[in-house]
Each structure stands twice: as structure tokens, then as C-alpha cells.
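Morning, everyone. I have one model to go through today, and I will start with a pair of strands before moving to the rest. Please have the structure open.

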Amino acid sequence: TGAGQVSFIRRTTTGGNAGANNINGLTRPRWLRLTRVGNTFTAAHSSDGVTWTQVGNPTNVTMGAQARIGLFVTSR
């Protein structure tokens with residue numbers, strides 16, 4: 001965010017409630033990374049694109065082999 005926050009927001013079931021992990025007080029700009037291994041998703045951030053810090057815990061989302069994804073952007 002413009003206030004120096006990184007959020008990992010996700011739904012683990014279709015139409016389910018969203019869960020979130022936030023990290024505050026970060027300098028900008030930030031690199032963001034979302035990794036999928038099987039059905040497990042892990043979010044991370046970095047100030048330099050080399051050293052990464054995980055955001056929250058890896059999250060399991062059961063889905064098919066093919067899925068469409070995208071970045072969620074908000075101005076709050």
C-alpha cells in the first residue's frame with residue numbers, strides 16, 4: 001500500500017470469507033512474489049528482489065490443474 005503495508009489476502013473456498021496477513025511499516029518500493037506448488041500458495045515480499053520474507057503461512061487451496069489468477073489492486 002501507499003502506507004508501506006503488504007497484504008496476503010486469499011479465499012480457500014469458492015465464495016468463502018477472505019483471510020489476510022498484513023505486514024506494516026515497510027519501505028517502498030517492494031517486490032511481491034506468489035508461489036504455487038501443487039495446491040499450496042506462499043506469498044513473500046522483498047526490498048531488493050533477492051532476499052525474501054514470507055507473508056503469513058502457506059495456504060492450501062484445492063483447485064484443478066488449470067486456474068486463472070490475477071493481482072487484486074485496490075485504492076482502499
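**A walk through the strands**

Start at Ile9, which stands opposite Ala20 in strand 2. This is a predicted model, so please hear everything that follows as computed from it. Ile9 belongs to strand 1, residues 6-10. Strand 1 and strand 2, the latter covering residues 19-23, run antiparallel and are joined by 5 bridges.

Strand 1 has two faces. Which of its side chains are buried? Val6, Phe8 and Arg10 are, and they point to one face. Ser7 and Ile9 point to the other face and are not buried.

Stepping back to the whole chain. There are 0 helices and 5 strands, so the pattern along the sequence is simply β-β-β-β-β by the DSSP assignment. The C-alpha trace spans about 35 × 30 × 20 Å along its principal axes. Of the 76 residues, 20% are buried. The accessible surface is about 5,900 Å², and carbon and sulfur atoms account for 51% of that. If we take contacts between residues at least 6 apart in sequence, 30% of them join residues at least 24 apart.

Next, the sheet. Strands 3, 4 and 5 form an open sheet in the order 3-4-5, with antiparallel pairing. Strand 3 and strand 5, the latter being residues 53-60, are the edge strands, each pairing on one side only. From one strand to the next the twist averages 15 degrees. Between strand 4 and strand 5, which run antiparallel, there are 5 bridges. One residue pair to look at there is Ala43, whose bridge partner in strand 5 is Val55.

That pair leads into the core. Which residues make up the largest nonpolar core? There are 5 in all: Val6, Phe8, Leu26, Ala43 and Val55. As background, nonpolar side chains tend to be buried together in soluble globular proteins. Leaving aside neighbours within four places in sequence, Val55 is in contact with Val6, Phe8 and Ala43 from that set, and also with Asn21, Ile23, Ala44 and His45.

His45 deserves its own minute. His45 sits in strand 4, residues 40-46. Is His45 buried or exposed? Its relative accessibility is 4%, so His45 counts as buried. The side chain of His45 makes a polar contact of 2.9 Å with the side chain of Arg30. Not counting residues up to four places away in sequence, the residues His45 touches include Val6, Ile23, Leu26, Trp31, Leu32, Thr51, Trp52 and Thr53. Val55 is also one of the residues touched by His45.

Now Leu34, which lies in strand 3, residues 31-37. With residues up to four places away in sequence left out, Leu34 touches Phe8, Phe41, Thr42 and Ala43. For a distance check, take Gly16, 18 residues from Leu34 along the chain: their C-alpha atoms are separated by 20 Å.

One last item, on the backbone. Where is Pro29? Pro29 is in the loop between strand 2 and strand 3. The peptide bond from Arg28 to Pro29 is cis, with omega near 0 degrees. For context, most peptide bonds are trans.

To recap two items: the largest nonpolar core has 5 residues, Phe8 and Ala43 among them, and Leu34 touches both Phe8 and Ala43. That is what I have; questions are welcome.

Terms used: Residues are numbered from 1 along each chain as its sequence is written. This is a predicted model: local features need pLDDT of at least 70, side-chain atom pairs count only at pLDDT 80 or more; totals for chains, interfaces and linings use all residues. Side-chain values use heavy atoms; hydrogens and water are left out. Buried means under 20% relative accessible area, exposed over 50%, partly exposed in between (1.4 Å probe, protein chains only). Helices (H or I, at least four residues) and strands (E, at least two) are DSSP runs, numbered from the N terminus. Two strands pair if DSSP finds at least two bridges between them. Contact means heavy atoms within 4.5 Å. A nonpolar core is a set of buried Ala, Val, Leu, Ile, Met, Phe, Trp, Tyr and Cys residues joined through side-chain atoms within 4.5 Å. A polar contact is a pair of N or O atoms within 3.5 Å; within protein, one must be able to donate a hydrogen and the other to accept it, and residues adjacent in sequence count only if both atoms are side-chain atoms. Accessible areas come from the Shrake-Rupley method with a 1.4 Å probe; for residues, only the protein chains shown count as cover. Axes are lines fitted to C-alpha atoms, for helices over the stretch in contact, and angles run from 0 to 180 degrees between N-to-C directions.
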